[in-house]
Amino acid sequence: MSQNSGRIIDISPAELESATTVLARAFHEDPLLSYVMREHNGEDDARVRKFFSFTCQIRLTLGWPLFGVADRGELQAVMALTRPGVDEWAPSLVESYQEL
């Protein structure tokens with residue numbers, strides 16, 4: 001991506017799969033992720049993808065900021081912010097968390 005060619009977007013539920021892919025690709029060699037998910041198969045591992053999908057779902061459900069950088073219609077980067085304080089989780093998040 002050339003300098004200034006991407007644009008910052010709000011990630012919506014429609015981009016959840018793309019955001020999951022970007023995060024799994026970015027963190028598949030992360031030491032902490034490797035420790036927590038021993039013997040994972042990298043970015044295509046279902047557990048890795050489910051973890052990052054869930055982290056995005058939290059933000060989308062609670063209205064927390066989830067941004068991306070898109071270049072030529074393709075998501076290139078994801079940034080998630082967590083506001084201070086504690087928000088009550090929706091029942092759907094509790095169910096998804098229990099599946100992890």
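Two strands count as paired if DSSP finds at least two bridges between them. With that in mind, welcome to this predicted model. Three of its strands form an open, antiparallel sheet in the order β1-β2-β3. The tour below starts with that sheet, then visits the nonpolar core, the salt bridges and a patch on the surface.

**The sheet**

- Strands of a sheet pair through backbone hydrogen bonds, and they can do so in a parallel or an antiparallel way.
- Which strands stand at the edges here? They are β1, residues 7-10, and β3, residues 74-80. Each has a single partner strand, so one side of each is left without a neighbour in the sheet.
- Neighbouring strands of this sheet are turned against each other by 30° on average, with direction ignored.
- Strand β2 covers residues 66-71 and pairs with β1 in the antiparallel sense over four bridges.
- If you want to find this pairing in the structure, look for Ile9, whose bridge partner in β2 is Gly68, and for Asp10, whose bridge partner in β2 is Phe67.
- On the other side of the pairing scheme, β2 and β3 run antiparallel and are joined by six bridges.
- One bridge partnership between these two strands is that of Asp71 with Glu74 in β3.
- β2 and β3 make a hairpin with two residues between the strands, and in this hairpin Arg72 takes a positive phi near 55°.

**The nonpolar core**

- In soluble globular proteins, nonpolar side chains tend to be buried together.
- In this model, the largest nonpolar core has 16 residues. The residues with the most contacts inside this core are Ile11, Ala19, Val48, Phe52, Cys56, Leu75 and Val78.
- Which elements give two or more residues to this core? They are the helices α1 (16-27) and α3 (46-62), together with the strands β2 and β3.
- Helix α1 provides the largest share of the core, with five residues.

**The salt bridges**

- How many salt bridges does the structure hold? There are three.
- Glu17 and Arg49 form one of them, and their closest N and O atoms are 2.4 Å apart. This pair links distant parts of the chain, as Glu17 lies in helix α1 and Arg49 in helix α3, 32 residues apart.
- Are the two partners buried or exposed? Glu17 is exposed because its relative accessible area is 53%, and exposed means over 50%. Arg49, with 19%, is buried, because the cut-off for buried is under 20%.
- Another salt bridge brings together the side chains of Arg47 and Asp45, at 3.3 Å from N to O. Arg47 is partly exposed, with a relative accessible area of 39%, whereas Asp45 is buried, with 7%.
- Arg72, which you met in the hairpin, forms a salt bridge with Asp71, their closest N and O atoms being 3.5 Å apart. Arg72 is exposed at 77% relative accessible area, while Asp71 is buried at 8%.

**A nonpolar patch on the surface**

- Phe51, Trp89, Val94, Tyr97 and Leu100 form a nonpolar patch on the surface. Together they have about 460 Å² of accessible area.
- Where is Leu100? This residue is in the segment after helix α4, which covers residues 91-99.
- Leu100 has a relative accessibility of 47% and therefore counts as partly exposed.

Technical notes
Residues numbered from 1 in each chain as written. Predicted model: local features only at pLDDT ≥ 70, side-chain atom pairs only at ≥ 80, totals over all residues. Heavy atoms only, no water. Patch = residues over 30% accessible without salt bridge, like charges linked within 9 Å, V, L, I, M, F, W, Y side chains within 5 Å. Areas by Shrake-Rupley, 256 points an atom, 1.4 Å probe, with all protein chains shown as cover. Salt bridge = Lys/Arg side-chain N within 4 Å of Asp/Glu carboxyl O. Buried < 20%, exposed > 50% of the residue type's maximum accessible area, 1.4 Å probe, protein only. Axes fitted to C-alpha atoms, helices over the stretch in contact; angles between N-to-C directions. Core = buried A, V, L, I, M, F, W, Y, C linked by side-chain atoms within 4.5 Å.
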